[in-house]
Amino acid sequence: MKKLQTVLLVLGIIFLAVLLARVGVRELWHELTLLGWGLVPFILGEGLGEMIHTLGWRHCLSGPLRSISWWALFRIRMAGYAINFLTPTAALGGEVTKGTLLASHHRGPEAASGVLIGKLCFALAHLIFVALGALLILWRVQVSRPLWMAMLVSGLVMAAGMIAFLLIQKYGRLGGIVRWLAARKFAGKTLHKVADELTAVDQTMKRFYEERPWGVSLAIAWHLVGYSVGIAQTWLFFHLLHQNATWTVAASTWFLGMWFDLLTFAVPQNLGGLEGTRIFIFQAFGYTAPMGMAYGFALRLAMVFWSCFGLGIYGLLVSAPEVPKTRATGSKPVLGPGQNQEFTRLKGENLP
């Protein structure tokens, strides 16, 4: 897997270099300078979208994790955002990071369950978003029939995979294979331990779908709102470059770009793919390649900014001292052996 990610990363760098050579650095810089200070609200739009996505993720949590504040959950989400973007882990490293940070609030299967359900809802919303967008762009964009067919087939394959994963979560079958292997005579203690942990996660997810049947729908609804912020960003980009683009054109551009992002999710940082697909989209709508390249770079700058923000948040979260755990039946902190001895000594010194 790491070798594949490395190969995709190298290919992305090469493709990006080719695009820069063909478009021209000077032409790209000219388009970017036209944005001026308008680039600031464009970048902030990415953060606004992530804030709304956090509301969606909250509906995917269960048990004690639902009491986590929005601000704490937003910081955890942005830490995962940074790891996903800054490391070639195909959007997996950030999920592990979010699970670990959630577990620091409450240890148990609820952390893994919240991350898995949240990832599924985020992906389902992405697919639904581009499917709705296709209704707007199919009759506006002149794209070859083979390309449309390839996009349609790949979209259907992704939809089938997501639905299958949804059913696996709903009926608690994530650890089915591991449990089957653990039941065999050759299974060791490690495999039995993994099977037990996955069983706990399965039970938690199954209970989530039974007790909160509308949780997934609410999460997807909030994610759709979060994705819609990109339409305003795209309209702002056209406006800053003094292009008389309508909201329909801005929405169609954003929808089609999201579709390509869905197809190229495995490429680390979508390097080269983000810029190349935006050039294609802008040319399909009658705009220039440098403008499409500038749009892709503006999107990447927004991602870099919020990744740096998330990386700083991650550093603060992992360096923060742990708050002493409290007992379930009271508010007194659970003290370690050394702390108990010190407490007893001080108490004895203060006795009359």
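**Notebook: salt bridges in an all-helix model**

Started with Arg179, which comes out partly exposed, at a relative accessible area of 27%. I am keeping in mind that this is a predicted model.

**Overall layout.** I looked up the secondary structure next. I get 14 helices and 0 strands, so read from one end of the sequence to the other the pattern is simply α-α-α-α-α-α-α-α-α-α-α-α-α-α, with helices counted from the N terminus. The protein has 352 residues, and 44% of them are buried. I also checked contacts with a sequence separation of 6 or more: 73% of them are between residues 24 or more positions apart. For the surface I noted an accessible area of about 19,200 Å², with 69% of it belonging to carbon and sulfur atoms.

**Charged pairs.** How many salt bridges are there? I count 6. As a reminder to myself, side chains of opposite charge can pair when their charged atoms come close.

**Back to Arg179.** What does its side chain meet? I find Asp202, in a salt bridge with N to O at 2.8 Å. The two sit in distant parts of the chain, 23 residues apart, with Arg179 in helix α8 (residues 176-182) and Asp202 in helix α9 (residues 189-211). Is Asp202 buried or exposed? Asp202 is buried, at a relative accessible area of 3%. The cut-off for buried is under 20%, so Arg179 at 27% misses it while Asp202 at 3% makes it.

**Helices α11 and α12.** I then picked Arg278, whose side chain forms a salt bridge with that of Asp261, 2.9 Å from N to O. This pair also links distant parts of the chain: Asp261 belongs to helix α11 (residues 247-263), Arg278 to helix α12 (residues 273-284), and they are 17 residues apart. I checked burial for the two, and both Arg278 and Asp261 are buried.

**Helices α12 and α13.** Which residue pairs with Arg300? The partner is Glu275, and the closest N and O atoms are 2.5 Å apart. Arg300 is in helix α13 (residues 289-319) and Glu275 in helix α12, so this salt bridge ties together parts of the chain 25 residues apart in sequence. Arg300 and Glu275 are both buried.

**A network.** Last lookup of the day: which residues are joined by salt bridges that share partners? I find Glu95, Lys98 and Lys119, joined into one network.

**Recap.** Helix α12 came up twice in my notes, with Arg278 reaching Asp261 in helix α11 and Glu275 pairing with Arg300 of helix α13.

Definitions and conventions
Residues are numbered from 1 along each chain as its sequence is written. This is a predicted model: local features need pLDDT of at least 70, side-chain atom pairs count only at pLDDT 80 or more; totals for chains, interfaces and linings use all residues. Side-chain values use heavy atoms; hydrogens and water are left out. A salt bridge is a side-chain nitrogen of Lys or Arg within 4 Å of a carboxyl oxygen of Asp or Glu. Helices (H or I, at least four residues) and strands (E, at least two) are DSSP runs, numbered from the N terminus. Buried means under 20% relative accessible area, exposed over 50%, partly exposed in between (1.4 Å probe, protein chains only). Contact means heavy atoms within 4.5 Å. Accessible areas come from the Shrake-Rupley method with a 1.4 Å probe; for residues, only the protein chains shown count as cover.
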